[in-house]
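Grab a coffee and work through these exercises with the model open beside you. Try each task before you read its solution.

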Amino acid sequence: MTKPPRKPSKPLLGDAEALLRSQPRRRRDPAQPNLPLDPMPRRIEPCLALLKARPPKGRAWVYEIKWDGYRLAVHIEPTGVRILTRGGHDWTPRFPAIEQAAKQLPVATAILDGEAVVLDERGRSDFGLLQQSLGGRGGNKASSAAILFAFDLLYFDGHDLTRMDLSERRHILEDLMEGAAGAIRLSEQIDADGDQLLASACEHGLEGIIAKRRDAPYRSGRLGDWLKIKCVQSDSFFVVGYEKSTAARGQIGSLLLAARKSDDLVYVGSVGTGFKERDALELGDMMDKITRKTPPLPYTGARKNVVWLQPTLVAEIDYRAWTEDGKLRHASYKGLREVQDNAAVYELE
(Lines give C-alpha, C1' and ligand atoms only; values in the text may rest on other atoms or scores of the structure.)
Protein backbone atom coordinates (compact mmCIF):
# COMPACT_ATOMS: atom_id res chain seq x y z
CA MET A 1 0.00 0.00 0.00
CA THR A 2 1.36 3.40 -0.94
CA LYS A 3 2.09 5.71 1.98
CA PRO A 4 0.27 9.06 1.96
CA PRO A 5 2.47 12.05 1.26
CA ARG A 6 4.09 13.62 4.30
CA LYS A 7 2.65 16.99 5.28
CA PRO A 8 5.05 19.84 4.68
CA SER A 9 6.53 21.37 7.81
CA LYS A 10 5.46 24.83 6.57
CA PRO A 11 2.46 25.77 4.47
CA LEU A 12 3.20 26.16 0.76
CA LEU A 13 1.09 29.29 0.65
CA GLY A 14 1.11 31.87 3.39
CA ASP A 15 -1.50 34.42 4.32
CA ALA A 16 -2.94 35.76 1.09
CA GLU A 17 -2.89 39.28 2.52
CA ALA A 18 0.78 39.13 3.61
CA LEU A 19 3.66 40.19 1.33
CA LEU A 20 5.72 37.29 0.00
CA ARG A 21 9.39 37.65 0.91
CA SER A 22 12.30 35.52 -0.28
CA GLN A 23 15.25 34.61 1.89
CA PRO A 24 18.10 37.17 1.84
CA ARG A 25 20.46 36.41 -1.04
CA ARG A 26 24.15 35.86 -0.39
CA ARG A 27 26.55 37.84 -2.53
CA ARG A 28 28.27 35.80 -5.22
CA ASP A 29 31.83 34.83 -4.43
CA PRO A 30 34.00 36.32 -7.26
CA ALA A 31 36.20 33.21 -7.08
CA GLN A 32 33.25 30.96 -7.88
CA PRO A 33 33.42 29.71 -11.50
CA ASN A 34 30.79 30.83 -13.99
CA LEU A 35 28.23 28.46 -15.41
CA PRO A 36 29.91 25.97 -17.77
CA LEU A 37 28.80 27.62 -21.03
CA ASP A 38 31.12 27.84 -24.01
CA PRO A 39 31.43 31.10 -25.94
CA MET A 40 29.99 30.82 -29.43
CA PRO A 41 32.81 30.87 -32.00
CA ARG A 42 32.63 33.32 -34.88
CA ARG A 43 33.68 30.55 -37.25
CA ILE A 44 34.87 26.92 -37.20
CA GLU A 45 37.14 25.63 -39.95
CA PRO A 46 35.27 22.71 -41.57
CA CYS A 47 36.19 19.06 -41.34
CA LEU A 48 36.98 17.90 -44.90
CA ALA A 49 36.68 14.43 -46.42
CA LEU A 50 39.75 12.58 -47.69
CA LEU A 51 39.35 10.94 -51.11
CA LYS A 52 39.60 7.15 -51.17
CA ALA A 53 39.05 4.61 -53.92
CA ARG A 54 37.04 2.11 -51.82
CA PRO A 55 34.84 2.38 -48.71
CA PRO A 56 36.41 1.40 -45.36
CA LYS A 57 35.38 -1.80 -43.59
CA GLY A 58 34.12 -2.40 -40.07
CA ARG A 59 31.57 -1.18 -37.54
CA ALA A 60 33.68 1.88 -36.74
CA TRP A 61 32.27 3.63 -39.83
CA VAL A 62 28.87 5.02 -40.76
CA TYR A 63 27.82 6.32 -44.19
CA GLU A 64 25.94 9.17 -45.83
CA ILE A 65 25.13 10.17 -49.39
CA LYS A 66 27.63 12.62 -50.89
CA TRP A 67 25.88 15.87 -51.85
CA ASP A 68 27.10 17.98 -54.77
CA GLY A 69 26.81 21.64 -53.84
CA TYR A 70 28.31 24.35 -51.62
CA ARG A 71 29.53 23.56 -48.11
CA LEU A 72 27.93 25.94 -45.61
CA ALA A 73 27.95 26.62 -41.88
CA VAL A 74 24.66 28.02 -40.56
CA HIS A 75 25.14 30.10 -37.40
CA ILE A 76 21.94 30.62 -35.39
CA GLU A 77 22.74 33.49 -33.03
CA PRO A 78 20.77 35.73 -30.65
CA THR A 79 21.02 38.57 -33.19
CA GLY A 80 19.94 36.49 -36.20
CA VAL A 81 21.29 33.92 -38.67
CA ARG A 82 24.64 33.96 -40.50
CA ILE A 83 25.38 31.59 -43.39
CA LEU A 84 29.10 31.18 -44.07
CA THR A 85 30.88 29.50 -47.00
CA ARG A 86 33.77 27.09 -46.56
CA GLY A 87 36.14 30.04 -46.96
CA GLY A 88 34.35 32.04 -44.25
CA HIS A 89 32.47 34.47 -46.51
CA ASP A 90 29.00 35.62 -45.45
CA TRP A 91 26.44 34.41 -48.01
CA THR A 92 23.32 34.91 -45.88
CA PRO A 93 21.53 37.10 -48.48
CA ARG A 94 22.06 34.45 -51.16
CA PHE A 95 20.13 31.72 -49.28
CA PRO A 96 16.96 33.38 -47.93
CA ALA A 97 14.98 30.13 -47.71
CA ILE A 98 17.70 28.45 -45.65
CA GLU A 99 17.96 31.53 -43.42
CA GLN A 100 14.21 31.51 -42.78
CA ALA A 101 14.21 27.76 -42.07
CA ALA A 102 17.06 28.20 -39.58
CA LYS A 103 15.02 30.80 -37.68
CA GLN A 104 12.22 28.24 -37.27
CA LEU A 105 14.40 25.62 -35.57
CA PRO A 106 13.66 25.17 -31.83
CA VAL A 107 17.06 26.37 -30.59
CA ALA A 108 18.50 29.65 -29.30
CA THR A 109 22.07 29.23 -30.54
CA ALA A 110 23.56 26.61 -32.84
CA ILE A 111 26.05 25.97 -35.66
CA LEU A 112 24.88 23.54 -38.35
CA ASP A 113 27.33 22.01 -40.81
CA GLY A 114 25.85 21.00 -44.14
CA GLU A 115 25.70 21.25 -47.92
CA ALA A 116 23.49 23.60 -49.93
CA VAL A 117 22.12 21.87 -53.03
CA VAL A 118 19.49 22.13 -55.72
CA LEU A 119 17.78 18.84 -56.57
CA ASP A 120 16.88 17.69 -60.07
CA GLU A 121 13.60 16.06 -61.04
CA ARG A 122 14.84 12.70 -59.69
CA GLY A 123 15.89 14.09 -56.32
CA ARG A 124 19.64 14.14 -57.06
CA SER A 125 21.83 17.12 -56.18
CA ASP A 126 22.95 19.00 -59.31
CA PHE A 127 25.86 21.46 -59.03
CA GLY A 128 24.98 23.12 -62.33
CA LEU A 129 21.40 23.82 -61.21
CA LEU A 130 22.70 25.30 -57.96
CA GLN A 131 25.00 27.65 -59.84
CA GLN A 132 22.19 28.72 -62.17
CA SER A 133 19.96 29.51 -59.19
CA LEU A 134 22.71 31.79 -57.82
CA GLY A 135 23.24 33.59 -61.12
CA GLY A 136 26.38 31.76 -62.24
CA ARG A 137 29.94 32.26 -61.01
CA GLY A 138 30.34 35.80 -59.75
CA GLY A 139 26.57 36.32 -59.80
CA ASN A 140 24.72 37.80 -56.87
CA LYS A 141 21.26 36.27 -57.17
CA ALA A 142 19.46 34.85 -54.16
CA SER A 143 18.56 31.18 -54.57
CA SER A 144 15.01 30.28 -53.60
CA ALA A 145 15.51 26.71 -54.81
CA ALA A 146 18.52 25.78 -52.64
CA ILE A 147 18.04 23.58 -49.59
CA LEU A 148 20.54 22.63 -46.89
CA PHE A 149 21.22 19.00 -46.00
CA ALA A 150 22.52 19.26 -42.42
CA PHE A 151 24.92 16.49 -41.43
CA ASP A 152 26.59 17.79 -38.25
CA LEU A 153 25.96 20.00 -35.23
CA LEU A 154 28.98 21.85 -33.84
CA TYR A 155 27.42 24.16 -31.25
CA PHE A 156 24.12 23.86 -29.40
CA ASP A 157 22.52 26.22 -26.86
CA GLY A 158 25.74 27.46 -25.30
CA HIS A 159 27.73 24.24 -25.60
CA ASP A 160 30.64 23.42 -27.89
CA LEU A 161 29.97 19.93 -29.30
CA THR A 162 33.15 19.54 -31.35
CA ARG A 163 34.87 17.51 -28.62
CA MET A 164 32.02 15.00 -28.56
CA ASP A 165 31.94 11.82 -30.65
CA LEU A 166 30.12 11.96 -33.97
CA SER A 167 27.47 9.54 -32.66
CA GLU A 168 26.69 11.90 -29.77
CA ARG A 169 26.55 14.97 -32.01
CA ARG A 170 24.25 13.17 -34.42
CA HIS A 171 21.89 12.19 -31.60
CA ILE A 172 21.41 15.86 -30.68
CA LEU A 173 21.16 16.91 -34.35
CA GLU A 174 18.46 14.32 -35.06
CA ASP A 175 16.45 15.51 -32.06
CA LEU A 176 16.78 19.12 -33.24
CA MET A 177 15.74 18.25 -36.80
CA GLU A 178 12.77 16.08 -35.82
CA GLY A 179 9.77 17.43 -37.65
CA ALA A 180 11.80 20.04 -39.53
CA ALA A 181 10.60 20.78 -43.05
CA GLY A 182 11.33 23.19 -45.83
CA ALA A 183 14.79 24.40 -46.78
CA ILE A 184 16.76 22.59 -44.04
CA ARG A 185 16.67 18.80 -44.00
CA LEU A 186 18.58 16.08 -42.21
CA SER A 187 21.22 14.21 -44.21
CA GLU A 188 20.42 10.67 -43.18
CA GLN A 189 23.09 8.31 -41.86
CA ILE A 190 23.02 4.80 -43.23
CA ASP A 191 24.21 1.64 -41.50
CA ALA A 192 25.13 -0.58 -44.42
CA ASP A 193 27.95 -2.40 -46.15
CA GLY A 194 30.06 0.32 -47.78
CA ASP A 195 30.62 -1.53 -51.06
CA GLN A 196 26.92 -2.29 -51.49
CA LEU A 197 25.92 1.27 -50.66
CA LEU A 198 28.45 2.69 -53.12
CA ALA A 199 27.17 0.38 -55.86
CA SER A 200 23.59 1.46 -55.16
CA ALA A 201 24.56 5.17 -55.16
CA CYS A 202 26.32 4.81 -58.51
CA GLU A 203 23.40 2.88 -59.97
CA HIS A 204 21.06 5.75 -59.08
CA GLY A 205 23.34 8.37 -60.64
CA LEU A 206 24.56 9.89 -57.35
CA GLU A 207 28.02 11.38 -56.92
CA GLY A 208 29.16 8.91 -54.26
CA ILE A 209 29.15 8.34 -50.51
CA ILE A 210 30.84 9.72 -47.37
CA ALA A 211 32.22 7.46 -44.61
CA LYS A 212 32.65 8.87 -41.08
CA ARG A 213 34.18 7.47 -37.90
CA ARG A 214 31.48 7.04 -35.26
CA ASP A 215 33.79 7.86 -32.33
CA ALA A 216 35.66 10.81 -33.88
CA PRO A 217 35.43 14.38 -32.54
CA TYR A 218 34.99 17.20 -35.02
CA ARG A 219 38.47 18.12 -36.26
CA SER A 220 39.08 20.85 -38.82
CA GLY A 221 41.02 19.94 -41.97
CA ARG A 222 41.44 16.78 -44.05
CA LEU A 223 42.65 14.34 -41.38
CA GLY A 224 40.92 11.10 -42.37
CA ASP A 225 38.00 11.07 -39.89
CA TRP A 226 35.76 11.56 -42.93
CA LEU A 227 36.35 9.82 -46.28
CA LYS A 228 34.72 10.41 -49.66
CA ILE A 229 34.28 7.64 -52.23
CA LYS A 230 33.03 8.78 -55.63
CA CYS A 231 31.23 7.01 -58.45
CA VAL A 232 32.86 9.38 -60.93
CA GLN A 233 35.99 11.33 -60.07
CA SER A 234 35.35 15.05 -59.68
CA ASP A 235 37.99 17.64 -58.81
CA SER A 236 38.83 21.32 -59.25
CA PHE A 237 41.41 22.53 -61.78
CA PHE A 238 42.71 25.90 -62.97
CA VAL A 239 41.56 27.06 -66.40
CA VAL A 240 44.82 28.24 -68.01
CA GLY A 241 43.60 28.73 -71.58
CA TYR A 242 41.05 27.81 -74.20
CA GLU A 243 41.09 26.63 -77.78
CA LYS A 244 39.07 28.79 -80.15
CA SER A 245 36.51 27.19 -82.43
CA THR A 246 34.28 28.91 -84.96
CA ALA A 247 31.88 25.94 -84.90
CA ALA A 248 31.34 25.78 -81.13
CA ARG A 249 28.96 27.91 -79.07
CA GLY A 250 30.73 30.92 -77.66
CA GLN A 251 33.71 30.03 -79.88
CA ILE A 252 35.11 27.79 -77.10
CA GLY A 253 36.31 24.47 -78.45
CA SER A 254 37.87 23.26 -75.19
CA LEU A 255 39.32 24.53 -71.93
CA LEU A 256 42.95 23.81 -71.02
CA LEU A 257 43.35 22.68 -67.42
CA ALA A 258 46.12 22.66 -64.84
CA ALA A 259 46.75 21.12 -61.41
CA ARG A 260 49.15 22.17 -58.69
CA LYS A 261 52.48 20.47 -58.06
CA SER A 262 54.19 22.12 -55.08
CA ASP A 263 54.43 25.78 -56.15
CA ASP A 264 54.12 25.04 -59.89
CA LEU A 265 51.27 24.45 -62.31
CA VAL A 266 51.16 21.33 -64.49
CA TYR A 267 49.06 20.89 -67.64
CA VAL A 268 46.63 17.97 -67.19
CA GLY A 269 44.68 18.04 -70.45
CA SER A 270 41.51 19.69 -71.70
CA VAL A 271 37.76 19.46 -71.49
CA GLY A 272 35.44 20.01 -74.42
CA THR A 273 32.11 18.58 -73.24
CA GLY A 274 29.52 19.47 -70.61
CA PHE A 275 29.06 23.11 -71.68
CA LYS A 276 25.63 24.59 -72.07
CA GLU A 277 25.13 27.66 -74.26
CA ARG A 278 24.80 29.84 -71.18
CA ASP A 279 28.03 28.40 -69.76
CA ALA A 280 29.94 29.21 -72.93
CA LEU A 281 28.70 32.81 -73.03
CA GLU A 282 29.54 33.43 -69.36
CA LEU A 283 32.97 31.82 -69.75
CA GLY A 284 33.70 33.92 -72.82
CA ASP A 285 32.92 37.16 -70.97
CA MET A 286 35.12 36.24 -68.00
CA MET A 287 38.03 34.89 -70.03
CA ASP A 288 38.20 37.98 -72.24
CA LYS A 289 39.25 39.94 -69.12
CA ILE A 290 42.15 37.67 -68.07
CA THR A 291 43.99 36.88 -71.32
CA ARG A 292 47.79 36.87 -71.51
CA LYS A 293 50.33 36.47 -74.33
CA THR A 294 52.35 33.55 -72.92
CA PRO A 295 51.37 30.26 -71.25
CA PRO A 296 51.28 30.42 -67.43
CA LEU A 297 52.91 26.96 -67.27
CA PRO A 298 55.22 24.71 -69.33
CA TYR A 299 53.31 23.57 -72.42
CA THR A 300 54.57 21.44 -75.32
CA GLY A 301 51.24 20.50 -76.89
CA ALA A 302 50.29 20.95 -80.52
CA ARG A 303 46.93 22.68 -80.10
CA LYS A 304 46.28 25.64 -82.39
CA ASN A 305 44.36 28.85 -81.78
CA VAL A 306 45.01 28.72 -78.03
CA VAL A 307 44.22 31.82 -75.97
CA TRP A 308 46.21 31.79 -72.72
CA LEU A 309 44.73 32.99 -69.44
CA GLN A 310 45.77 34.14 -66.01
CA PRO A 311 45.16 31.10 -63.74
CA THR A 312 42.34 32.62 -61.70
CA LEU A 313 39.29 30.63 -62.82
CA VAL A 314 38.74 27.26 -61.10
CA ALA A 315 36.54 24.70 -62.87
CA GLU A 316 34.92 21.59 -61.39
CA ILE A 317 35.57 18.66 -63.74
CA ASP A 318 34.16 15.13 -63.86
CA TYR A 319 36.52 12.49 -65.26
CA ARG A 320 36.87 8.72 -65.35
CA ALA A 321 40.59 8.20 -64.83
CA TRP A 322 44.13 9.44 -65.56
CA THR A 323 46.12 8.50 -68.66
CA GLU A 324 49.65 7.14 -68.34
CA ASP A 325 51.09 10.52 -69.30
CA GLY A 326 49.14 12.35 -66.57
CA LYS A 327 46.11 13.67 -68.46
CA LEU A 328 42.42 13.53 -67.54
CA ARG A 329 40.45 10.82 -69.35
CA HIS A 330 36.81 11.39 -70.44
CA ALA A 331 36.63 14.82 -68.81
CA SER A 332 33.35 16.74 -68.61
CA TYR A 333 32.79 20.33 -67.46
CA LYS A 334 30.49 20.84 -64.44
CA GLY A 335 30.87 24.54 -63.67
CA LEU A 336 33.13 27.20 -62.18
CA ARG A 337 33.88 27.30 -58.47
CA GLU A 338 33.30 30.53 -56.54
CA VAL A 339 36.34 32.19 -54.97
CA GLN A 340 34.42 32.39 -51.67
CA ASP A 341 33.89 28.64 -51.72
CA ASN A 342 37.65 28.18 -51.23
CA ALA A 343 37.73 25.10 -53.44
CA ALA A 344 41.05 23.26 -53.33
CA VAL A 345 42.74 22.88 -56.73
CA TYR A 346 43.88 19.30 -57.39
CA GLU A 347 47.38 18.58 -56.06
CA LEU A 348 49.66 16.21 -57.98
CA GLU A 349 51.96 14.08 -55.86
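Helices (H or I, at least four residues) and strands (E, at least two) are DSSP runs, numbered from the N terminus. This is a predicted model, where local features need pLDDT of at least 70, side-chain atom pairs count only at pLDDT 80 or more, and totals for chains, interfaces and linings use all residues. Residues are numbered from 1 along each chain as its sequence is written, and side-chain values use heavy atoms, with hydrogens and water left out.

**Exercise 1. Get an overview of the chain.**

Step 1: Count the elements. You should arrive at five helices and 18 strands.

Step 2: Check burial, where buried means under 20% relative accessible area, exposed over 50%, and partly exposed in between (1.4 Å probe, protein chains only). Of the 349 residues in the chain, 45% are buried.

Step 3: Look at contacts, meaning heavy atoms within 4.5 Å. Take those with a separation of 6 or more: 68% of them join residues 24 or more positions apart.

**Exercise 2. Work out which residues of helix α1 are buried, and what they pack against.**

Step 1: Go through residues 96-103, which form α1; I98, A101 and A102 are buried there.

Step 2: Look down the helix axis. The buried residues of α1 fall within an arc of 100°, so they line one face of the helix; the arc is that of the directions from the helix axis to the C-beta atoms. As background, an α-helix has 3.6 residues a turn, so residues three or four places apart point the same way.

Step 3: Find the partners. The buried residues of α1 pack against β3 (70-77), β4 (80-85), β5 (110-117), β6 (147-156) and β8 (184-186).

**Exercise 3. Describe the pockets and the cavity.**

Step 1: Settle the terms. On a 1 Å grid over the protein atoms alone, a cavity is a set of points where a 1.4 Å probe fits but cannot get out, and a pocket is an open set with protein on both sides within 12 Å along at least five of seven lines; lining residues have an atom within 4 Å of a point. Grid points are joined across faces, edges and corners, and a volume is the space filled by probe spheres set on the points.

Step 2: Start with the largest pocket, at about 890 Å³. It has 36 lining residues, and A49, R86, R222, K228 and K230 are the closest to its centre. Two or more lining residues come from each of β1 (50-51), β2 (61-65), β3, β9 (208-213), β10 (226-230) and β11 (233-244).

Step 3: Sort that lining by class (Ala, Val, Leu, Ile, Met, Phe, Trp, Tyr, Cys and Pro count as nonpolar, Asp, Glu, Lys and Arg as charged, and the others, Gly among them, as polar). The tally for the largest pocket is 16 nonpolar, three polar and 17 charged.

Step 4: Move to the second largest pocket, with a volume of about 710 Å³. Among its 38 lining residues, D68, D126, F127, G128 and K334 sit closest to the centre. The elements giving two or more residues to this lining are α2 (127-133), α5 (277-287), β15 (306-319) and β18 (332-336). The second largest pocket's lining has 13 nonpolar, 11 polar and 14 charged residues.

Step 5: Finish with the closed space. The whole structure holds one cavity of 30 Å³ or more, and the largest cavity has a volume of about 100 Å³. Of its 14 lining residues, I44, P46, L72, A73 and D113 lie nearest the centre. Strand β3 gives the largest share of the lining, four residues.

**Exercise 4. Place R169 in its surroundings.**

Step 1: Locate R169 in helix α3 (residues 166-177).

Step 2: Is R169 buried or exposed? It's buried, with a relative accessible area of 0%.

Step 3: Find what its side chain meets. A polar atom there lies 3.2 Å from the backbone oxygen of A216. Neighbours within four places in sequence aside, R169 contacts D152, L153, L161, T162, M164, A216, P217 and Y218.

**Exercise 5. Compare two residues with positive phi.**

Step 1: Recall the background: most residues other than glycine have a negative phi.

Step 2: Take D157, in the loop between β6 and β7 (159-160). Its phi is near 45°, and D157 counts as partly exposed at 33% relative accessibility.

Step 3: Now take H330, in the loop between β17 (328-329) and β18. Its phi is about 55°, and H330 is exposed, with a relative accessible area of 61%.

Terms used
A polar contact is a pair of N or O atoms within 3.5 Å; within protein, one must be able to donate a hydrogen and the other to accept it, and residues adjacent in sequence count only if both atoms are side-chain atoms.
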